[in-house]
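Good morning, and thank you for coming. Please look at the sequence and the structure while I speak.

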Amino acid sequence: MKNILCILLYFTISISLHAQETKKYLKKVSSLDTTLATLYDVISGEKGEQRNWELFKFLFAPEAKLIPSGKSKEDIFKVRYLSPDEYINTSGKWLLENGFFEKEIHRTVNTFGNITHVFSTYESFKSKTDKKPFMRGINSIQLLNDGKRWWVVNIYWTQETKENPIPKEYLLTQ
């Protein structure tokens, strides 16, 4: 009987702590602007700075995907489909070892009902103090507003190249 009470107490405390964490993060997904700002902030950090992967995962809807695209060795554009956990496992160490800051420089938004599509042009830096980006690209971000909060459903992106420069209409200042 004592063991059962201990187990019940453990689960009650665990559920309470999870609810507190969820409540803590709700402000970060209360609007489209705060959700996108959090998305960029949570992956950004100096070399050696840990990311808040719990908050990162909180942004995403169940079954959400992160979809990087680029040219293969065969010179064909391809995509990879990653869950938030797979993204953390494949990119987390690199972000920590190299430093990475992603900054949104332009945004176009289209909304219908509870779905929103954002074309978000970004610049990437190794450090917050860098003046020139080492990379630019566009994130195609699909979001859902369930009436209580915003969820990132998918992020599909590609980097700018000499052969594929970012069009001027996606570089205008916000």
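By contact I mean heavy atoms within 4.5 Å. Leaving aside neighbours within four places in sequence, Tyr87 is in contact with Ile43, Trp53, Phe56, Leu66, Leu82, Gly92, Leu95 and Trp157.

A word on the source: this is a predicted model, in which local features need pLDDT of at least 70 and side-chain atom pairs count only at pLDDT 80 or more, while totals for chains, interfaces and linings use all residues. Residues are numbered from 1 along each chain as its sequence is written, and side-chain values use heavy atoms, with hydrogens and water left out.

Next, the sheet. Six strands (DSSP runs of E, at least two residues, numbered from the N terminus) form an open sheet in the order 2-1-6-5-4-3, with mixed pairing; strands pair if DSSP finds at least two bridges between them. At the edges lie strand 2 (77-79) and strand 3 (101-112), each pairing on one side only. Strands 5 and 6 run antiparallel and are joined by nine bridges. Leu143 has Val152 in strand 6 as its bridge partner.

What does helix 2 touch on the sheet? It packs against strand 1, strand 3, strand 4, strand 5 and strand 6. Among its buried residues (under 20% relative accessible area, 1.4 Å probe, protein chains only) are Leu32, Leu36, Leu39 and Ile43.

Finally, the largest nonpolar core, a set of buried Ala, Val, Leu, Ile, Met, Phe, Trp, Tyr and Cys residues joined through side-chain atoms within 4.5 Å. Of its 30 residues, Phe56, Phe60, Leu66, Tyr87, Ile141 and Ile155 touch the most other members. Helix 2 supplies the largest share, six residues.

Methods. Buried < 20%, exposed > 50% of the residue type's maximum accessible area, 1.4 Å probe, protein only. Helix = DSSP H or I, 4+ residues; strand = E, 2+ residues; numbered from the N terminus. Axes fitted to C-alpha atoms, helices over the stretch in contact; angles between N-to-C directions.
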